[in-house]
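Reader: I should be grateful for a close look at the surroundings of the ligand in this model. Please set that part within the protein as a whole.

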Amino acid sequence: MSRLLVIGCGGVAQVAIKKCCQNSEVFTDICIASRTKEKCDRVADEVKAWYKGNIQTAKVDADNTDEVIAVIKSFSPDAVLNVALPYQDLTIMDACLACKVPYIDTANYEPEDTNDPAWREIYEKRCKDLGFSAYFDYSWQWDYMEKFKEAGTMALLGTGFDPGVTSVFTAYALKHYFDEIETIDIMDCNGGDHGYPFATNFNPEINLREVSAPGSYWEDGRWIEIPAMSIKSSYDFAEVGKKDMYLLHHEEIESLAKNIPGVKRIRFFMTFGQSYLTHMKCLENVGMLSTEPIMYEGREIVPIQFLKALLPDPASLGPRTVGKTNIGCIYTGKKDGKTRSIYIYNVCDHQECYKELGSQAISYTTGVPAMIGSMMVVTGAWSGEGVFNVEEFDPDPYMDALNKWGLPWVVEENPTPIVLE
Ligand code: NDP
């Protein structure tokens, strides 16, 4: 019996909410609060026919801590799941602290305005000190450690697929397959086709910022940054086939480097087709990916936000997307003094997701782990005081839940290693 406040009602949130509704033994009361209340009402109406618990909705501007506090006070949740945008991570964490309620999210903090001088000063120091220049990093949220301890509650960071499941796979590999993990290669393959010339599978602004940034990886205790898309490989993914993939910076590298003792190298690869890359390069070249406001016919517009308005809504891709995703990690390391390599992955079918919940697989593979992470917190399977990443807890109950709630995984011994081109 538990009460969950879900903030945000986009592609990922809708899957997380519906999965919580399927899991009504755990989630007996749900409140969906977001910027556009009509979306929340629509989702609540959809599930009311079959959800055995109680569902309600609220309007909230999650950029405003006081508004979030008001919703928390009126609903009294056992936990708050933030599936709005990374821009709202800190305001929602502040509200959770004020109300001493656990906080859960799927993406680390990133500022909306990257020209804010106060933020930029800290960012530029971090770029110099740590050696990677992505706009997002964990330092902002890890800084809340003492505050969450003092409040006697917890924050669970990054329970999507990547970060999220990939980090839990790592904890599971370390617990059951290795004495020491030496290398981690995370591979995110989307073999889906939505039929549009160009669209992103989750929030376009967040997605395009991520993939147009320089890549980086962790090796021998330090970050190595490379120009965007300059390290390429290809891999023959189970149930998808051979795809080109590129090395990107990704947030779980940062937490795994901290939490996996002795790891020597961590890399993240994502598959992209040539057409996606050509579109992205063109948009970048003409300035459409810029986050800097410009004046247009007397009003200020942010190019990437305008682009978002032109692109298909990721939540609408479900009916048109066919094919599968394959996301997982290849590990090498030692067990009982011998070298070992394993690959843990999940394959997810876009159309199966659509049939079940009306969503495509990217929202599905993020929303299901968001529900599972919330379940770990509200049932007390994972507990603590402070700020935690998912790999810091016992992976077994989470791995069981993945099999039960729609994301079954496979362990393959001696996988084909990645060869760079
Ligand atoms: P969407 O853009 O589809 O949804 C975002 C939702 O947040 C919308 O409902 C939006 O409201 C709401 N929102 C935005 N700003 C505010 C605000 N100030 N106050 C209240 N609500 C607000 O995004 P996605 O569903 O694709 O992504 C959700 C999150 O999941 C993101 O943080 C993303 O980075 C993360 N993610 C994580 C992945 C992982 O594997 N870990 C993978 C994919 C995504 P409105 O409806 O009015 O626009």
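Author: The model is a predicted one, and the account begins at the ligand. The ligand is surrounded by 32 residues, of which Gly8, Gly10, Ala62, Gly160 and Phe202 come nearest. Sorted by class, this shell holds 16 nonpolar, eleven polar and five charged residues. Helix H1, which covers residues 11–22, supplies the largest share of the shell, namely three residues.

The position of the ligand shell follows from the division of the protein into domain 1 (2–157) and domain 2 (165–358). Both domain 1 and domain 2 give residues to the shell around the ligand, and therefore the shell lies between them.

The two domains also touch one another. In this contact, 20 residues of domain 1 meet 19 residues of domain 2. On the side of domain 1 that touches domain 2, H1 gives the most, with five residues. That side of domain 1 is made up of ten nonpolar, eight polar and two charged residues. Helix H1 thus appears in two settings: it gives the largest share of the ligand shell, and it gives the most to the side of domain 1 that touches domain 2. The C-alpha centres of the two domains are 22 Å apart.

A further feature shared by the two domains is the largest nonpolar core. This core has 112 residues, and Val6, Ile7, Ala16 and Val80 touch the most other members. Its largest share, eleven residues, is contributed by helix H14 (residues 361–378). Because domain 1 (2–157) and domain 2 (165–358) each give residues to the core, it too lies between them. In soluble globular proteins, nonpolar side chains tend to be buried together. Val80 offers a detailed view of the packing: leaving aside residues up to four places away in sequence, Val80 touches Leu5, Ile7, Ile72, Ile92, Cys96, Val101, Tyr103 and Ile104.

The protein as a whole completes the picture. It has 15 helices and 18 strands, and 47% of its 421 residues count as buried. Among contacts between residues at least 6 apart in sequence, 74% join residues at least 24 apart. The C-alpha trace spans about 55 × 55 × 45 Å along its principal axes. A compact globule of 421 residues would have a radius of gyration near 22 Å, and the 20 Å of this protein agrees with that.

Key. Residues are numbered from 1 along each chain as its sequence is written. This is a predicted model: local features need pLDDT of at least 70, side-chain atom pairs count only at pLDDT 80 or more; totals for chains, interfaces and linings use all residues. A nonpolar core is a set of buried Ala, Val, Leu, Ile, Met, Phe, Trp, Tyr and Cys residues joined through C-beta atoms within 7 Å. A residue is buried if 20 or more other C-beta atoms lie within 10 Å of its own, exposed if 12 or fewer, and partly exposed in between; C-beta atoms are placed from the backbone. Helices (H or I, at least four residues) and strands (E, at least two) are DSSP runs, numbered from the N terminus. Domain bounds come from an automatic or database domain assignment. Two residues are in contact if their C-beta atoms, placed from the backbone, lie within 7 Å. A residue is near a molecule or strand if its C-beta atom, placed from the backbone, lies within 6 Å of it. Ala, Val, Leu, Ile, Met, Phe, Trp, Tyr, Cys and Pro count as nonpolar, Asp, Glu, Lys and Arg as charged, and the others, Gly among them, as polar. The radius of gyration is taken over C-alpha atoms; the globule rule is 2.2 Å times the number of residues to the power 0.38.
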